[in-house]
Amino acid sequence: MRTALTNALTQLPDALQSVVSDWITDTHFGATFSPEQVAKMEAASGLSDAALRLTLLPLAAAYAVTPISHFNVGAIVRNEDGTLYMGANIEFTGVQLGQTVHAEQCAISHAWTKGATRLTDITINYSPCGHCRQFMNELNGAEALIIQLPQTEPNTLHTYLPEPFGPADLGIESRLLADQSHALPTEDIDIPLLKAAADAANLSHAPYSGNYSGVAVETHDGQFFSGMYAENAAFNPSLPPLQVALIAANMAGYHWGEIRSVALAEVADSTVSHLADTQATLDAIDPDIPLVYSTLSA
Ligand code: THU
Ligand code: ZN
């Protein structure tokens, strides 16, 4: 990861390299750029906000984990406050391809785990696939979301996804990134990692199944990364909570070998469950990673 990132830095214009290199070589760099950092990069490079995002794409793609395709996709989302969040595709060997995370899903979920609630733009180095167009149609503000690609004029999501199927077709008003807490009690959970997973479940987006669920990953140095379940009106493009927690760890610069343990919390008596898939994906990553599991009741 670190080598890929420093290699990607050399693809940026010189004026940007000198500004960005201090930030990305900091071990605490979180694959985000604050509005102040964006302003500094714009001033140094003379690029507009939109042109800057295109120029930064090699940095985002450097976070890709692609043992199957070796095809690295990078995405950068812009929150309405001007913060940029990077993302890249993540593949898992030893499980079915449906466990894959697309770069767009990665950048969006990364922003969500850090509190973003309304994205205005997404910049990607390849045209978004149909599954990603559907995933993005679940977002708060999907109607106004702008998709920006190299060599193409920016366009709205609905230009890329005409006659969209979405939450309203199922009578659902809540949107991805904008759910209120589901208020499941978590104060009495005495295992800290499990409590982090339960707190993530409270912020999950699961209006179709009601399977409010969350995962927390602990790394060997004691860091916690939480992931909320992101359901989709078309069901299959939903992103499981393990993937969202792994996205958070990956974007903080961690590798799977640095994972010590994982916790999954989901509501009891739901129509769906993440237990089997979470266990299967973790087994494929490393069968020695322990999984703590608990159901939650209102
Ligand atoms: N991929 C994306 O990340 N976004 C897209 O919309 C197109 C496909 C990834 C998924 C997989 O890791 C690889 O590219 C090959 O499809
Ligand atoms: Zn896609």
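In this predicted model, the four donor atoms around the zinc ion (ligand 2) subtend angles of 100 to 121°, and the arrangement is therefore tetrahedral. The protein contributes His102 through ND1, Cys129 through SG and Cys132 through SG, at 2.0 to 2.3 Å from the zinc ion. Along the sequence, these donor residues follow the spacing H-x26-C-x2-C. Distant parts of the chain are linked by the pair His102 and Cys132, which stand 30 residues apart. His102 belongs to the loop between strand S3 (84–88) and helix H6 (103–113), whereas Cys132 is placed in helix H7 (residues 130–136). The two residues were also assessed for solvent accessibility. His102 has a relative accessible area of 25% and is therefore classed as partly exposed, while Cys132 is buried because its relative accessibility is 1%.

Strand S3, which precedes the loop carrying His102, is part of an open sheet of six strands. The strand order is S1-S3-S2-S4-S5-S6, with mixed pairing. Strand S1 (32–33) and strand S6 (152–156) form the edges, each pairing on one side only. Strands S1 and S3 run antiparallel and are joined by two bridges. Phe33 has Leu84 of S3 as its bridge partner.

On the surface, a nonpolar patch is formed by Phe165, Leu170 and Phe235, which together present about 290 Å² of accessible area. Within this patch, Leu170 is situated in the loop between helix H8 (157–160) and helix H9 (192–202). Leu170 is classed as partly exposed because its relative accessibility is 41%, a value that lies between the limits of 20% for buried and 50% for exposed residues.

Note on methods:
Residues are numbered from 1 along each chain as its sequence is written. Chains are lettered from A and ligands numbered from 1 in the order in which they are written. This is a predicted model: local features need pLDDT of at least 70, side-chain atom pairs count only at pLDDT 80 or more; totals for chains, interfaces and linings use all residues. Side-chain values use heavy atoms; hydrogens and water are left out. Patches are made of residues with over 30% relative accessible area and no salt bridge: like charges are joined within 9 Å, nonpolar side chains (Val, Leu, Ile, Met, Phe, Trp, Tyr) within 5 Å. Accessible areas come from the Shrake-Rupley method with a 1.4 Å probe; for residues, only the protein chains shown count as cover. A salt bridge is a side-chain nitrogen of Lys or Arg within 4 Å of a carboxyl oxygen of Asp or Glu. Helices (H or I, at least four residues) and strands (E, at least two) are DSSP runs, numbered from the N terminus. Buried means under 20% relative accessible area, exposed over 50%, partly exposed in between (1.4 Å probe, protein chains only). Donors are N, O and S atoms within 2.8 Å of the metal (3.2 Å for Na, K and Ca); water is not among the atoms, so sites may look incomplete. Four donors count as tetrahedral if all angles lie between 85 and 135 degrees; four count as square planar and six as octahedral if opposite donors are over 155 degrees apart and all others between 65 and 115; anything else is irregular. Two strands pair if DSSP finds at least two bridges between them.
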